[in-house]
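Here's a quick briefing to read alongside the model. Keep the structure open while you go through the points.

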Amino acid sequence: MPDASLSKEERKARKRHFKSTKNRPAHIDDTWSPFRAAEKKYKARYPPLDLSDVLDLSSDAEAHDYTWHGRPDAVHVHDISTTDTRIVTVPSIPGLVVLPSFLSPQKQRALVRWALRDHARPPNETNLDTHYVLPSDGLWTAHLSPSHPLIDPRPPPPDAEPTPAGPRTLIANTPATVTNVSEIAALPKPPTAPATTASPASPDVLLPRLRWANIGWFYHWGTKQYDFTRGKVAVDPRIKQVCRQAVASVDWSAVFGASTMENDKGWGDDDWRQWGDTYEPDAGIVNFYQTKDTLMAHVDRSEVCATSPLVSISIGNAAIFLIGGQTRDEPPVPILLHSGDVVMMAGPYCRRAYHGVPRILANSLPRHLVDGPCPQDGNIDDDEVEEENDWAPYAAYLRNARINVNVRQVFPRGFDPSKEDNHTC
Ligand SMILES: O=C(O)CCC(=O)C(=O)O
Ligand SMILES: [Fe+2]
C-alpha cells in the first residue's frame, strides 16, 4: 500500500529496506555493539532519518537552509568560547573539542581548491594511483581540460601484493609508540597490486572515485602504519596555518583541567600547555566522500604522538560523525558536522576513541558553496580573494560530495625516529 506521506525516494528506500531485512534472523540487532547499532541506524535509508538525538551546534544566525537539523541540547556540552571563537567540548569524551563554523566561506572555498586542484596530485599519493597512471598535473586539471585525456590503468609492479582494490579497508594494527617505532618502520611495506580489471577511463569517471589523498608522511594502507622510508612531503603552509590557528584558539587547561575520567590520566609532561606554540602537523589525509560513502568505526593509532590534537576539517555536504570510547561497546555521541566546522581529538582518551562517519547528508551543501560569487564576510586576507569565475566546476563536484581534511602530528616535537634518546610524548 503506497504511503502518501513518503517521497518517491523514501518509498524506494523502504522497499529496499524490506527486501534486505526479510531474511534477517530475529533479534540480530541484539548482537551488534552499541557503536555498530548507531552506524546501522544513521546509515539506513529507511526509516527516514531522525536527527533529534544528534548534536547540532550550528547557531541560528548561520542556520542552514537544508532540511537536516539536529538539536543543540541533544548531548551535554561545555562552552569554552573565547571572544573570537566558538568552542565547545563534550565532557563525556574528554579531549573532544568542536569549533563550529571555524572557517569562513572564503576559507572553505580556498580549501576546496587546494584539496582538488593543488593537493590531489603528485607527489601526494591518492587511492587512484594504485590502479591508474594519473597525469602529473593531477586529476582535477585533467578533468577541466577540454581534451578530456583518457587515463591508463597501471601495470602491476613485480613485487606487488595481491590486495583487493577499493576504498579504505579497516584492519587491526599495532598502536605506534616511541619504543616500537623502529620495529614498525622495519616491517616490509610492499605496494598494493593494481586491479586487473581496470580499463582506460576519463577523468570525469575517475573523479567521483577519488577517495583519499595523503598529506605529509606516507601512509601504508596494507599495514596501517606510516612508511618512513619514503620520506615526507612538506605539509602545505596553508593547512599548517589553519590547524595551528585552531589548536592555538583553545585554552587547553579548560579542556583537560576539569577532566575527571579515570582513563584520561597519564599526561606525563603536561605537553598540552604548550600546544598553542608547538603543534607541528606532519601527516594526514584528505578524505573525499560521495554522499553514498561511509567511514567505518576506527581508531587512528599509527601516530607515535598519541595525545597531540588531530585536527579534522569538514567542507561540503554535512555529515553525521560518531565518536565513542575505547571499544565499540561504548555508545557513541552523534554530531552533525557542517561545512566549515573543525573537530579536534586530543589527549589519551579521545585519540584512542572509536569514531566514524556513517552518513553524508544528501542535498546539504550550504549556499556559499553553490555556484556564484562567494558571499564576503568583510574580513578577507589577500590570499582568500575569490579567484575570478572559477567556482562552477568546484560547485558541481561538491553537489554530491564532502571533503574532510584530517591532520595529525606523528612525532612529538623534537623526536627523531633515527635516534635512541628521544623524550616521550
Ligand atoms: O571524515 C571525517 O570526519 C573523519 C575522518 C577520519 O576519521 C579519518 O580520516 O581518520
Ligand atoms: Fe579517524
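Start at V286: setting aside neighbours within four places in sequence, this residue is in contact with A115, H119, A120, W212, A213, I215, I403 and V405. Keep in mind that this is a predicted model. From V286 we can move to the core, then to the ligand shell, and finish with a four-stranded sheet.

**The core**
- V286 is also among the residues with the most contacts inside the largest nonpolar core, along with V97, A246, V311, F321 and M344.
- That core has 97 residues.
- In soluble globular proteins, nonpolar side chains tend to be buried together.

**Around ligand 1**
- Which residues sit around ligand 1? They are I285, N287, L295, D300, S312, S314, F321, H355, V357, N404 and N406.
- By class, that shell breaks down into six polar, four nonpolar and one charged residues.
- Four strands each supply at least two residues of the shell: β7 (283-290), β9 (310-316), β13 and β14 (401-408).
- F321 turns up twice in this story, as one of the best-connected core residues in terms of contacts and as part of the ligand 1 shell.

**The four-stranded sheet**
- β8, β13, β10 and β11 make up an open sheet, in the order β8-β13-β10-β11, with antiparallel pairing.
- Why is one side of β8 (295-298) and of β11 (333-337) left without a neighbour in the sheet? Both strands stand at the edges and each has a single partner strand, so there is nothing in the sheet on the other side.
- Going from one strand to the next, the twist averages 25 degrees.
- Helix α2 (residues 34-43) lies across β8, β10 (319-323), β11 and β13, and runs at about 15 degrees to β13.

**A closer look at β13**
- Is β13 mostly covered or mostly open? It's mostly covered, with six of its six residues buried.
- On one side, two bridges join β13 (residues 355-360) to β8, and the two run antiparallel.
- Across that pairing, L295 stands opposite V357, while H298 has H355 as its bridge partner.
- L295, V357 and H355 also belong to the shell around ligand 1.
- β13 is joined to β10 by four bridges, again antiparallel.
- Within β13, I360 is the bridge partner of A319.

Terms used
Residues are numbered from 1 along each chain as its sequence is written. Chains are lettered from A and ligands numbered from 1 in the order in which they are written. This is a predicted model: local features need pLDDT of at least 70, side-chain atom pairs count only at pLDDT 80 or more; totals for chains, interfaces and linings use all residues. Two strands pair if DSSP finds at least two bridges between them. Axes are lines fitted to C-alpha atoms, for helices over the stretch in contact, and angles run from 0 to 180 degrees between N-to-C directions. Two residues are in contact if their C-beta atoms, placed from the backbone, lie within 7 Å. A nonpolar core is a set of buried Ala, Val, Leu, Ile, Met, Phe, Trp, Tyr and Cys residues joined through C-beta atoms within 7 Å. A residue is buried if 20 or more other C-beta atoms lie within 10 Å of its own, exposed if 12 or fewer, and partly exposed in between; C-beta atoms are placed from the backbone. A residue is near a molecule or strand if its C-beta atom, placed from the backbone, lies within 6 Å of it. Ala, Val, Leu, Ile, Met, Phe, Trp, Tyr, Cys and Pro count as nonpolar, Asp, Glu, Lys and Arg as charged, and the others, Gly among them, as polar.
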